[in-house]
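Please look through the sequence and the model below before reading on. The paragraphs that follow take a few parts in turn.

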Amino acid sequence: MLAALALGLGLLLLLHAEVTDRGGLGSLVETFLPWLGLFVPVLLAAALRRRSATALVALLLPVTAWLSLFGGLLAGGSAPGGDLTVVSHNVNAENPDPAGTARDLAASGADLLALQEMTPQATETYRKELAAAYPHHTVRGTVGLWSRLPLSDSRAVDVLRGDAGPLAETRRAGDPAEPPRALRVTVATDRGPLAVYVAHLGSVRLMPRNGFWTDSRDAGAVALTAAVAAEPNERVMVLGDMNGTTDDRAFDGLTARLDSAHEKAGDGFGFSWPASFPMARIDQILARGVEPRSAWVLPATPSDHLPVAAAFAW
């Protein structure tokens, strides 16, 4: 039995993409995929107690599979230096101290600062508090980008599908349209233009009748992928709260075109949510055309997400 459990765990790690996504099961497994490694020491202790050589040999499969997936994060890939530092943060619509949050983020020294889930009232606070450090900014709906470098060609990107699936039941007739939750802007650098997308994809929900509901998030991922695929600029960044990890199959199209800064140059798992006990990295910094040198998580703010940061070289 222990050997069978060990082999099953190893196969789940290796073949997680083959798990059915009916009821969102596949996405749910992939969201918390690194945590499956916790079953290894449990099975190891049981195998040692039973003195089962068969179970010990079988455990080689999940150990090898887990290390192949996540061993690089434990080894660390950060390097010194960088020409451009970026920070992304879901500041939380219920943040009780947007002014303090703005000051903390400005103290990071980032060249680009992407914010998500801003209310209209908080947006004015962020504008005021960040004006001195960031002379350029653009806001579209609930997302914005503050920059030390000039910005141009700012426009909203439609990634919201809030009226799809079970969440449609929470909307009332006559409700105003949802504000934009993504933007695209050109940043002028000394090495040429950099296209930056700031996005906050739809939420996911665990529902008794619908399982792990991801329809809105998945539709937004498709729309964002289409925008990136059509992007003519060689250098592109996507910053934001994706409400999913890069292991999630919903982001296969996006990660096929962009690299995760944390996977390339981060140390550790870099979990960003929830801030009180981080269990998943759903806040992403993705890029192409620039080289990630380091990636890390910043200290907590009053938000329920942790800020994430990365440094890039040309």
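Where does helix 5 bend, and by about how many degrees? The bend is at L69 and amounts to about 55°, where a bend is the angle between axes fitted to the seven residues ending at a residue and the seven starting there. Helices here are DSSP runs of H or I with at least four residues, and strands are runs of E with at least two, numbered from the N terminus. This is a predicted model, in which local features need pLDDT of at least 70, side-chain atom pairs count only at pLDDT 80 or more, and totals for chains, interfaces and linings use all residues. Residues are numbered from 1 along each chain as its sequence is written, and side-chain values use heavy atoms, with hydrogens and water left out.

Helix 5 covers residues 60–75, and its end C-alpha atoms span only 20 Å, while a straight helix of 16 residues would span 22 Å at 1.5 Å a residue. The expected span is 1.5 Å times one less than the number of residues. P62, A65, W66, F70, G71 and L73 are the buried residues of helix 5; buried means under 20% relative accessible area, exposed over 50%, and partly exposed in between, with a 1.4 Å probe and protein chains only. These buried residues pack against helix 1 (2–14), helix 3 (39–50), helix 4 (53–58) and helix 10 (261–265). After helix 5 comes G76, with a positive phi near 85°.

Helix 3 also holds R50. With a relative accessible area of 65%, R50 is exposed. Its C-alpha lies 9.3 Å from that of L2, although the two residues are 48 apart in sequence.

Helix 8 (residues 215–229) gives another span to check. Its 15 residues should span 21 Å at 1.5 Å a residue, and the end C-alpha atoms are 21 Å apart, so the two values agree. Among the buried residues of helix 8 are S216, R217, G220 and L224. The cover over its buried residues includes helix 2 (25–31), strand 7 (192–200) and helix 9 (252–255).

Next comes a pair of helices. The axes of helix 6 (residues 98–106) and helix 7 (residues 120–130) come within 9 Å and cross at roughly 40°. Helix 6 is therefore oblique to helix 7.

Beyond helix 7, A132 sits in the loop leading to strand 3 (136–140). A132 counts as exposed because its relative accessibility is 78%. The C-alpha atoms of A132 and H16 are 47 Å apart, with their positions 116 residues apart along the chain.

Technical notes. Contact = heavy atoms within 4.5 Å. Axes fitted to C-alpha atoms, helices over the stretch in contact; angles between N-to-C directions. Parallel < 35°, antiparallel > 145°, perpendicular 65-115°, else oblique.
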